[in-house]
Amino acid sequence: MTSETQPLSIAVLLGSVRHDRLGIRAARMVMRALEARGHEAVLVDPMEVQLPLLDRMYKEYATGTAPTVLEKLATLYRRVDGFLIVSGEYNHGIPPAMKNLLDHFLEEYFWRPSGIVCYSAGQYGGVRAAMALRATLAELGMSAIPSECAIPRIGKALDEDGVALDDHITRVLDRFLDEFFWHARALRRERLSGTPY
């Protein structure tokens, strides 16, 4: 099996802890699509991992002293080939749960691409949050691919299991993932050859 045919490992980072959140539908859609293509998908759900508000980044702990949840996430992030960011839009920006989840780490993201799956209850599909996310993701060392997968009116676009109720969303997701996989494979190949620092 070559590096081009070897399955990818992708962390799917969900950015909402609201009890009535609809973003879990988008995360389920993404997980299903990754697995259908034969890739490993690992969901990182802030409702499950229960990270505290950022006090110390993972790298600020002495080796072996970080909380277990941070150690597990660091181990996962170092082994995956890329990150899919599933984010809503709060007040034209990044949801606080997403920002908190992202900011606990840094070097663990390096040399891996990210892709943004954004959503909203309204017609814009969370794209204003996606613009803010692009700057953050680049600063963290996992620049977002040029395309994004925007889901407007998520409550009507996806059912509770994350199944698209509109063929347009399926087509957008497929093309978005094709682009994301290209970047993930290219960067995986380069990481195997070494990184600049």
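Student: What makes the approach of D166 to H168 at the start of α7 a polar contact?
Tutor: A side-chain oxygen of D166 comes to within 2.8 Å of the backbone nitrogen of H168. A polar contact is a pair of N or O atoms within 3.5 Å; within protein, one must be able to donate a hydrogen and the other to accept it, and residues adjacent in sequence count only if both atoms are side-chain atoms. The D166 to H168 pair therefore qualifies. The model is predicted: local features need pLDDT of at least 70, side-chain atom pairs count only at pLDDT 80 or more, and totals for chains, interfaces and linings use all residues. Residues are numbered from 1 along each chain as its sequence is written, and side-chain values use heavy atoms, with hydrogens and water left out.

Student: How do you know how the span of α7 relates to the expected one?
Tutor: The expected span is 1.5 Å times one less than the number of residues. For the 27 residues of α7 this is 39 Å, and the distance from first C-alpha to last is 40 Å, close to that value. After α7 comes G194, with a positive phi near 110°.

Student: Which elements does α7 lie across, and what covers its buried residues?
Tutor: Helix α7 (residues 167-193) lies across β1, β3, β4 and β5, at about 160° to β5. Axes are lines fitted to C-alpha atoms, for helices over the stretch in contact, and angles run from 0 to 180 degrees between N-to-C directions. Among its buried residues are F176, F180 and R188. Their cover includes α1 (23-36) and α6 (154-157) as well as β1, β3, β4 and β5; contact means heavy atoms within 4.5 Å.

Student: Why are β2 and β5 called edge strands?
Tutor: The open sheet has five strands in the order β2-β1-β3-β4-β5, with parallel pairing. Both β2 (40-44) and β5 (144-151) pair on one side only. Neighbouring strands are turned by 20° against each other on average, direction ignored.

Student: How do you know that β1 and β3 pair?
Tutor: Two strands pair if DSSP finds at least two bridges between them. Strands β1 (residues 9-14) and β3 (residues 82-87) share five bridges in the parallel sense, so the criterion is met. A11 stands opposite F83 in β3. Strands (E, at least two residues) and helices (H or I, at least four) are DSSP runs, numbered from the N terminus; the protein has five strands and seven helices.

Student: Why is α4 called largely enclosed?
Tutor: Buried means under 20% relative accessible area, exposed over 50%, partly exposed in between (1.4 Å probe, protein chains only). Six of the eight residues of α4 (residues 96-103) are buried, so the rest of the structure largely encloses this helix. They are A97, M98, N100, L101, L102 and D103, packed against β1, β2, α2 (46-49), α3 (68-79), β3 and α5.

Student: What makes N91 and R153 worth listing for phi?
Tutor: Most residues other than glycine have a negative phi. N91 has a positive phi near 50°, and R153 also has a positive phi near 50°. N91 lies in the loop between β3 and α4, and at 78% relative accessible area it is exposed. R153 lies in the loop between β5 and α6; at 42% R153 is partly exposed.

Student: How do you know whether the radius of gyration agrees with that of a compact globule?
Tutor: The globule rule, over C-alpha atoms, is 2.2 Å times the number of residues to the power 0.38. For 197 residues the rule gives near 16 Å, and the protein has 16 Å, so the two agree.
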